[in-house]
Amino acid sequence: MPATGYTAVEYGGVSVLVGPRQGAYPYGNSLLVRGTSASLVVDPSLSLVEAAPPADLVLVSHAHEDHIAGLGSYGVPVHIHRGDLDALRSRAALVAGVRPSAR
């Protein structure tokens, strides 16, 4: 596996934090949204583990491992939909929610 890390692609106040291999699993891409008084990271992926950008708040769009692997890099409030909370709190619940893709 390649090293973790990301490349920031800027779109005004929003940066797409593109993970290794263009964000392919398991790295994923994250977003950094900079406001006038606070910043938000959306879906802190594995790409952020070694060099997470500072943020005041984290938002998890859904509890898949490639969207939450970088959470340990933050000591700030985390917001997540109530339906995904169990998967965030328990590895067993996270694994139980994984469904194989149809081929």
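The following paragraphs describe selected strands, a helix and a loop of a predicted model.

The strand pairing around β4 is considered first. Strand β3, which spans residues 30-34, runs antiparallel to β4, and four bridges join the two strands. The connection between β3 and β4 is a hairpin of four residues, and within this pairing Leu-31 has Val-42 of β4 as its bridge partner. On the pairing of β4 with strand β5, which covers residues 57-60, the arrangement is parallel and comprises three bridges; here Leu-40 is matched with Leu-57 of β5 as its bridge partner.

Ser-39 belongs to strand β4, which extends over residues 39-42. The relative accessibility of Ser-39 is 13%, and because buried residues are those under 20%, Ser-39 is classed as buried. When residues up to four places away in sequence are set aside, the contacts of Ser-39 comprise Leu-32, Val-33 and Arg-34 together with Pro-54, Ala-55, Asp-56 and Leu-57. Of these contacts of Ser-39, Leu-57 also appears in the pairing of β4 with β5, as the bridge partner of Leu-40.

A further buried position is found in strand β6, formed by residues 78-80, in which Ile-80 is placed. With a relative accessibility of 19%, Ile-80 is counted as buried, since the cut-off for that class is under 20%. Apart from neighbours within four places in sequence, Ile-80 makes contact with Val-60, Ala-63, Leu-85 and Leu-88. For one of these contacts, Ala-63, the separation from Ile-80 is 17 residues in sequence and 8.0 Å between C-alpha atoms.

Backbone geometry in the segment that precedes β3 was also examined. Helix α1 consists of residues 20-23, and the loop between α1 and β3 contains Pro-26. The peptide bond joining Tyr-25 to Pro-26 is cis, with an omega of about 10°. Within helix α1 itself, Arg-21 has a positive phi of about 55° although Arg-21 is not a glycine. Gln-22, which likewise lies in helix α1, has a phi near 55°, again a positive value in a residue other than glycine. As to accessibility, Arg-21 has a relative value of 47% and is therefore counted as partly exposed, whereas Gln-22, with a relative accessible area of 70%, is exposed; the assignments follow because exposed means over 50% and buried under 20%, with partly exposed in between.

Conventions:
Residues are numbered from 1 along each chain as its sequence is written. This is a predicted model: local features need pLDDT of at least 70, side-chain atom pairs count only at pLDDT 80 or more; totals for chains, interfaces and linings use all residues. Side-chain values use heavy atoms; hydrogens and water are left out. Buried means under 20% relative accessible area, exposed over 50%, partly exposed in between (1.4 Å probe, protein chains only). Contact means heavy atoms within 4.5 Å. Two strands pair if DSSP finds at least two bridges between them.
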